[in-house]
Amino acid sequence: MSKKLLIITALFFASFVNGQNIFRDDFSTYIVNQELSGQGLWSNSPIAPNVGIGACVPLSGTQPCTGAKVVIQPIDFLNYGFADTSIVLGPVQDGVARAITPIVTDGNLYVGLVLKITTAPTNAASPVDFLRIINSDATQVTCRLLVRDTGFGYNVGIRKGASSNLTVYPGDVLNYGENVLVILKYSHGSGPDDDILSIYLNPNFADGEPANPNGITNSGFDQSGAIDRLAFRMNFNVATSMPTGFIGLVSTSTTWQGLAFPQLALDEFNQKDFTVSSVVENNQLQINSKNSIDQLQMKLYTATGAILEDQKIDILAGNSVFQCNSKLSSGLYILQITKANGEKTSFKIISK
């Protein structure tokens with residue numbers, strides 16, 4: 001096969017995959033340590049034309065509600081995607097949502113995301129859902145996602161429709177603090193109560209949709225036919241009923257393949273423009289560039305998202321060395337560099 005034909009084939013495949021996607025969001029273009037609501041197409045306002053399901057009611061004057069924040073928290077899954085930014089998952093937060101457009105009225109809807117759960121409610125705490133796929137208005141919930149502690153890890157559960165319907169927990173016990181790829185598939189049937197909700201946990205994404213999901217349910221009346229938003233409902237006012245952790249790489253699509261996050265743009269940026277030494281010694285950052293690049297914004301974060309450095313830099317062709325103003329202890333850091341046109345790339349670096 002000729003090189004030209006290979007390129008055409010690759011472009012056709014990329015176009016086919018992207019054509020099935022409804023939206024992907026890795027939160028990389030948003031301001032970190034600020035609320036997700038109001039950034040991009042996310043909103044916590046339930047008033048049209050916004051799509052949120054409303055801010056929560058404070059528990060008390062000393063424990064008010066806060067918005068789900070965008071933070072520096074690397075999250076990834078093989079062949080699905082990689083991101084340096086996530087949103088914080090936790091109780092007593094707003095109900096922030098994003099529209100699904102075009103509205104899904106039939107066929108299959110796939111929703112993918114990567115979870116990094118740090119705590120989960122116990123069985124006795126009556127876990128509540130933290131993600132909802134919504135039909136037409138906030139009272140018509142098509143399906144839900146929730147987690148519960150098992151004593152040795154946690155389970156991810158799915159529920160179709162109303163909150164009183166059966167929750168199905170696959171037997172897979174997942175480890176706290178690890179990245180878990182969760183894919184939901186909602187399949188429309190022709191009748192009023194025959195839609196099917198399936199869940200896939202840590203699938204080998206590149207191999208395509210597995211023949212058998214980890215969990216499946218068709219229990220309950222179908223609240224579907226006009227699926228128009230995805231919402232993170234973190235506003236339940238009992239802290240012990242909600243998990244904590246991070247959510248990243250959120251994607252919706254009408255096909256399995258369409259969920260994946262393209263990696264070409266980031267790889268091309270890294271390879272063609274510059275590279276950063278992965279090891280920092282004596283508080284010095286080393287950047288090697290093929291060309292001189294002016295007006296770069298360089299930010300350095302701790303692994304927990306605290307910003308240490310924020311400065312404008314110019315890079316010369318060849319090797320450039322930049323001194324950190326902050327004294328770096330041994331550990332992992334995230335370096336984010338933004339070009340004048342808004343392009344961002346991030347690097348994991350280790351200080352000795």
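Q: What does "buried" mean here, and how are strands defined?
A: A residue is buried when its relative accessible area is under 20%, exposed when it is over 50%, and partly exposed in between, with a 1.4 Å probe and protein chains only. Strands (E, at least two residues) and helices (H or I, at least four residues) are DSSP runs, numbered from the N terminus.

Q: Is strand 1 mostly buried or exposed?
A: Strand 1 covers residues 21-25, and 4 of its 5 residues are buried, so the rest of the structure largely encloses it.

Q: What kind of model is this?
A: It is a predicted model, in which local features need pLDDT of at least 70 and side-chain atom pairs count only at pLDDT 80 or more, while totals for chains, interfaces and linings use all residues. Residues are numbered from 1 along each chain as its sequence is written, and side-chain values use heavy atoms, with hydrogens and water left out.

Q: Which strand is joined to strand 1?
A: Strand 14, residues 244-253, is joined to strand 1 by 4 bridges, and the two run antiparallel. Two strands count as paired if DSSP finds at least two bridges between them. Within this pair, Asp25 stands opposite Val250 of strand 14.

Q: Let us step back. How many helices and strands does the protein have?
A: The protein has 2 helices and 22 strands. Of its 352 residues, 50% are buried. The accessible surface comes to about 16,000 Å², and 53% of that belongs to carbon and sulfur atoms; such areas come from the Shrake-Rupley method with a 1.4 Å probe, and for residues only the protein chains shown count as cover.

Q: In what order do the 6 strands of the open sheet come?
A: The order is 4-13-6-7-8-9, with antiparallel pairing. Strand 4 (95-104) and strand 9 (167-168) are the edge strands, each pairing on one side only. Strand 4 is joined to strand 13, residues 227-233, by 6 bridges, and Arg98 stands opposite Leu230 in strand 13.

Q: What else does Arg98 do?
A: Arg98 lies over the face of Phe23, at 4.2 Å from the ring centre. A charge sits over a ring if NZ of Lys or CZ of Arg is within 6 Å of the ring centre and within 35 degrees of the ring normal. Arg148 lies over the face of Tyr169 in this way, at 3.7 Å from the ring centre.

Q: And strand 6: which residues does Leu131 touch?
A: Leu131 lies in strand 6, residues 131-135, and is buried at a relative accessible area of 1%. Leaving aside residues up to four places away in sequence, Leu131 touches Leu113, Cys143, Arg144, Leu145, Leu184, Leu230, Ala231 and Phe232; contact means heavy atoms within 4.5 Å. The C-alpha atoms of Leu131 and Arg144 are separated by 5.7 Å, although the residues are 13 apart along the chain.

Q: Changing topic, how many aromatic pairs are there?
A: A search of the whole structure finds 10 aromatic pairs. Rings of Phe, Tyr and Trp (its six-membered ring) pair if their centres lie within 6.5 Å; planes under 30 degrees apart count as stacked, over 60 as edge-to-face and the rest as tilted. Tyr80 and Phe205 form an edge-to-face pair, 5.5 Å centre to centre with 75 degrees between the planes. These two are 125 residues apart: Tyr80 is in the loop between strand 2 (70-77) and strand 3 (81-89), and Phe205 is in the loop between strand 11 (196-201) and strand 12 (215-217). Tyr80 is buried at 1% relative accessibility, as is Phe205 at 6%.

Q: How are the rings of Tyr200 and Trp256 arranged?
A: Their centres are 5.3 Å apart and their planes stand at 85 degrees, so the pair is edge-to-face. Tyr200 is in strand 11 and Trp256 is in the loop between strand 14 and helix 2 (264-272), 56 residues apart. Ring pairs link Tyr80, Tyr110, Tyr200, Phe205, Trp256 and Phe261 into a cluster.

Q: Which peptide bond is cis?
A: The bond from Thr101 to Pro102 is cis, with omega near 5 degrees, and Pro102 lies in strand 4. Most peptide bonds are trans, and most residues other than glycine have a negative phi.

Q: What is the phi of Asn79?
A: Asn79 has a positive phi, near 65 degrees. Asn79 is in the loop between strand 2 and strand 3 and is partly exposed, at a relative accessible area of 45%.
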